[in-house]
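Let's take a walk through this one together, starting from a single buried spot and working outwards. Have the viewer open and follow along.

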Amino acid sequence: MPFARLATATTPTCHIGLGLAAIGRPGYINLGRDDDLGENRGVETLRTRTHELLDAAYAQGVRYFDAARSYGRSEEFLADWLKKRTDVDDVVIGSKWGYTYTADWTTDAERHEVKDHSLAAYERQRAETAELLGDRLDLYQIHSVTPESPALTDKELHARLAEAARQGLTVGFSTSGPAQADAIRAALAVTVDGEPLFRTVQSTYNALETSAGPALTEARDAGLTVIVKEGMANGRLAAAHAPQALRTVAEETGLGCDAVALAVVLRQPWAGVVLSGAATTAQLASNLHAPAVDLTDDQLSRLATLVEEPRAYWERRGQLPWH
């Protein structure tokens with residue numbers, strides 16, 4: 001397991017990773033992107049921004065970096081950085097397959113990404129990822145598995161993934177939607193030759209959406225490393241949009257709403273790595289204060305009132321515009 005590399009880390013930020021969804025492409029659904037990125041979102045501008053964030057994250061102890069085929073040029077930007085930073089040999093690199101980026105570097109495309117969990121899509125995207133990241137890739141995840149995903153039942157695909165695992169690649173999956181718990185439990189049951197196929201799970205969990213928690217406990221107990229995405233709820237928990245209860249607790253702690261929101265996730269006993277989706281180095285620095293947040297029982301009780309019904313949460317997420 002590549003995450004064993006992280007087990008020896010002792011920095012306060014060793015359980016925080018950097019996700020590249022927001023900076024590998026010009027358009028995304030996070031709130032506040034106009035302020036974060038401005039109007040100039042050319043390829044070289046975002047390449048430079050990505051490298052600056054990776055430099056800052058590494059310097060502050062972050063050792064897991066997360067990309068995907070559908071995150072625009074995130075794999076390319078990450079690969080370029082790794083080639084320049086020949087001194088960086090202690091990081092874990094993850095990516096995902098299953099969505100194809102289709103926005104052609106625009107923010108107003110009719111469709112920004114297309115989902116395909118077929119064996120053919122895996123083979124195509126695995127080759128594309130290999131061309132960019134080569135042997136630096138540690139973890140390859142099926143992107144956004146739902147209970148009805150064919151990736152949960154395709155035995156031929158499972159065999160190919162198991163073959164990749166035998167060759168040293170860690171195989172995982174991510175989840176999305178109101179039935180994340182069902183998808184996690186179905187994936188935990190997938191075996192090849194009597195052995196569990198998946199070794200990691202990446203799921204959405206935040207102060208607004210906690211429904212996957214029990215299933216993530218089961219995943220951790222089964223030996224999987226749990227990676228948490230969207231801890232900031234696509235910007236809904238950032239200061240400019242945060243609900244009053246979160247703003248009040250943040251004021252009490254003297255730290256930002258983002259640090260408090262991520263601290264809620266970090267305190268979960270099953271949380272192996274919690275992703276920062278920062279788009280600026282200032283956001284990253286603020287996110288990395290999360291391990292320093294010490295929440296009282298009273299504060300946690302007030303934050304617990306923010307939890308939304310899963311279908312309502314995911315319906316609202318689905319309505320967020322691409323900026």
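Before we begin, one convention: two residues are in contact when they have heavy atoms within 4.5 Å of each other. Also keep in mind that this is a predicted model.

With that in hand, go to His158, which sits in helix α6 (residues 155–166). Its relative accessibility is just 1%, so His158 counts as buried, the cut-off being under 20%. What does His158 touch, leaving aside its neighbours within four places in sequence? The contacts are Ala151, Leu152, Thr153, Val190, Val192 and Leu197.

Now compare another histidine. His15 lies in the loop between α1 (4–7) and β1, and with a relative accessible area of 40% it is partly exposed. Once the neighbours within four places are set aside, His15 is in contact with Leu266, Gly272, Val273 and Val274. Leu266 is a nice one to click on: 251 residues separate it from His15 in sequence, yet their C-alphas are 7.7 Å apart.

Leu266 also hands us over to the next helix. Helix α10 covers residues 257–266, and nine of its ten residues are buried. Those buried residues are Cys257, Asp258, Ala259, Val260, Ala261, Leu262, Ala263, Val264 and Val265. Around them you'll find β11 (225–229), α9 (244–253), β12, α11 and α12 (297–304), which they pack against.

Next, swing over to helix α3, residues 43–59. Its 17 residues reach 24 Å from the first C-alpha to the last, close to the 24 Å expected at 1.5 Å a residue. Just after α3, Gly61 takes a positive phi of about 100°. A good part of the helix is listed as buried, including Leu46, Arg47, Arg49, His51, Leu53, Leu54 and Tyr58. Note the two arginines and the histidine among those buried residues. The cover over them includes β1 (16–19), α2, β2 (64–66), α4 (74–84) and α11.

Helix α4 deserves a look from its own side too. Its buried residues are Ser74, Glu75, Phe77, Leu78, Ala79, Trp81 and Leu82, and what covers them includes α3, β2, β3 (92–97), α5 (119–133) and β6.

So which rings meet where α3 and α4 come together? The model has nine aromatic pairs by the ring-centre rule. In one of them, Tyr58 and Trp81 have ring centres 6.3 Å apart and planes at 65°, so the pair is edge-to-face, a label that needs an angle over 60 degrees. This pair links distant parts of the chain, with Tyr58 in helix α3 and Trp81 in helix α4, 23 residues apart. Both Tyr58 and Trp81 are buried, and together with Phe65 they form one aromatic cluster.

Finally, the empty space. The largest pocket holds about 1100 Å³. Of the 48 residues lining this pocket, Tyr28, Asn30, Glu230, Asn234 and Gly235 are the closest to its centre. Several elements each supply at least two lining residues: α2 (33–37), β6 (139–145), β12 (273–276), α11 (281–287) and α13 (310–319). You have met some of these already: α11 is among the elements packed against by the buried residues of α10, and β6 is part of the cover over α4. As for chemistry, the lining divides into 19 nonpolar, 18 polar and eleven charged residues.

Conventions:
Residues numbered from 1 in each chain as written. Predicted model: local features only at pLDDT ≥ 70, side-chain atom pairs only at ≥ 80, totals over all residues. Heavy atoms only, no water. 1 Å grid on protein atoms, 1.4 Å probe; cavity = no way out; pocket = protein on both sides within 12 Å on 5 of 7 lines; lining within 4 Å. Points joined across faces, edges and corners; volume = space filled by probe spheres on them. Helix = DSSP H or I, 4+ residues; strand = E, 2+ residues; numbered from the N terminus. Nonpolar A, V, L, I, M, F, W, Y, C, P; charged D, E, K, R; others polar. Expected span 1.5 Å × (residues − 1). Buried < 20%, exposed > 50% of the residue type's maximum accessible area, 1.4 Å probe, protein only. Phe/Tyr/Trp six-rings, centres within 6.5 Å; stacked < 30°, edge-to-face > 60°.
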